[in-house]
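The following exercises are to be worked with the sequence and the coordinates at hand. Each task is followed by a stepwise solution.

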Amino acid sequence: MTCYSLDGLNPVVHPTAFVHPTAVLIGDVIIGPGCYVGPLASLRGDFGRIILEEGANIQDTCVMHGFPDSDTVVERNGHIGHGAVLHGCRIGEDALVGMNAVVMDGAQIGARSFVSATAFVKAGFSCEAQSLVMGAPAQVKRRLSDEEVAWKQAGTREYQQLAQRCLQNMVACEPLAEVEAERPRIADRGLRPKGSAAS
């Protein structure tokens with residue numbers, strides 16, 4: 001990974017966490033056990049502290065940053081979709097932030113809540129546990145069902161397993177010049193998009 005000490009503060013990465021080599025960690029960043037940090041994610045602890053708690057994931061091209069003296073936190077089993085931006089906010093335990101969503105300073109997303117893809121969550125926003133948060137500016141639309149939360153939890157477990165797969169099996173390689181005969185596929189682990197016929 002690309003990792004920088006700043007003002008005497010080194011990022012901290014638990015040995016069971018996976019951080020992709022193209023991700024960037026700067027300064028006051030703390031990554032807990034079993035976390036996954038995806039390609040090109042930027043975690044900039046150059047003003048405030050950045051924390052990923054146990055089992056959380058932050059996917060490709062996500063950004064975590066905050067103002068001085070702030071904590072930007074993804075709590076235990078938090079799930080941050082591709083391209084999301086978190087700035088000085090707190091994402092509750094087992095919550096999900098969808099692709100390309102933005103969550104601003106002082107916002108607090110309740111445990112087991114979903115922030116929809118492309119939502120814009122204003123500074124200081126808060127919601128109760130198990131809320132569906134949508135829109136720009138974002139509002140609570142309804143309470144999530146236990147079945148919806150279970151679907152999210154299954155996806156988060158896949159990312160926790162992905163962290164271990166990457167630690168064990170991912171290696172840099174040269175691409176092949178052509179597709180081999182009977183090319184195998186990555187094993188089907190049964191996870192499907194919400195609302196698909198197979199889910």
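The exercises below concern a predicted model and treat a helix, a set of strands, the nonpolar cores and two individual residues.

**Exercise 1. Determine whether the end-to-end distance of helix α1 agrees with its number of residues.**

Solution.
1. Helix α1 covers residues 146-169, which gives 24 residues.
2. The expected span is 1.5 Å times one less than the number of residues, so the helix should span 34 Å.
3. The C-alpha atoms at the two ends of α1 are 34 Å apart, in agreement with the expected value.
4. As to burial, the buried residues of α1 include V149, K152, Y159, L162 and C166.
5. An α-helix has 3.6 residues a turn, so residues three or four places apart point the same way.

**Exercise 2. Establish in which sense β18 pairs with β16 and with β19, parallel or antiparallel.**

Solution.
1. Strand β16 (residues 114-115) and strand β18 (residues 131-135) run parallel and are joined by two bridges.
2. Within this pair, F114 stands opposite L132 of β18.
3. Between β18 and strand β19 (residues 138-143) there are five bridges, and the pairing is antiparallel.
4. One of the partnerships places V133 against V140 in β19.
5. The connection from β18 to β19 is a hairpin through two residues.

**Exercise 3. Identify which residues have the most contacts inside the largest nonpolar core, and which elements give two or more residues to this core.**

Solution.
1. The largest nonpolar core contains 35 residues, and I31, L43, L52 and I91 have the most contacts inside it.
2. Two or more residues are given to this core by β4 (24-31) and β6 (42-52).
3. A separate second core has six residues, among them Y36, Y159, L162 and C166.
4. Beyond four places in sequence, the contacts of I31 include V12, V19, L25, V37, L43 and L52.

**Exercise 4. Decide whether A95 and H65 are buried or exposed, and describe their surroundings.**

Solution.
1. Buried means under 20% relative accessible area.
2. A95 has 0% relative accessibility and is therefore buried.
3. A95 belongs to the loop between β12 (90-91) and β13 (96-97).
4. Leaving out residues up to four places away in sequence, A95 touches residues including N77, H79, I109, R112 and K152.
5. H65, in strand β8 (residues 63-65), is likewise counted as buried because its relative accessibility is 8%.
6. The H65 side chain makes a polar contact with the side chain of R44 at 3.1 Å.
7. Further contacts of H65, beyond four places in sequence, include D46, F47, I50 and L86.

How values were computed
Residues are numbered from 1 along each chain as its sequence is written. This is a predicted model: local features need pLDDT of at least 70, side-chain atom pairs count only at pLDDT 80 or more; totals for chains, interfaces and linings use all residues. Side-chain values use heavy atoms; hydrogens and water are left out. Helices (H or I, at least four residues) and strands (E, at least two) are DSSP runs, numbered from the N terminus. Buried means under 20% relative accessible area, exposed over 50%, partly exposed in between (1.4 Å probe, protein chains only). Contact means heavy atoms within 4.5 Å. Two strands pair if DSSP finds at least two bridges between them. A nonpolar core is a set of buried Ala, Val, Leu, Ile, Met, Phe, Trp, Tyr and Cys residues joined through side-chain atoms within 4.5 Å. A polar contact is a pair of N or O atoms within 3.5 Å; within protein, one must be able to donate a hydrogen and the other to accept it, and residues adjacent in sequence count only if both atoms are side-chain atoms.
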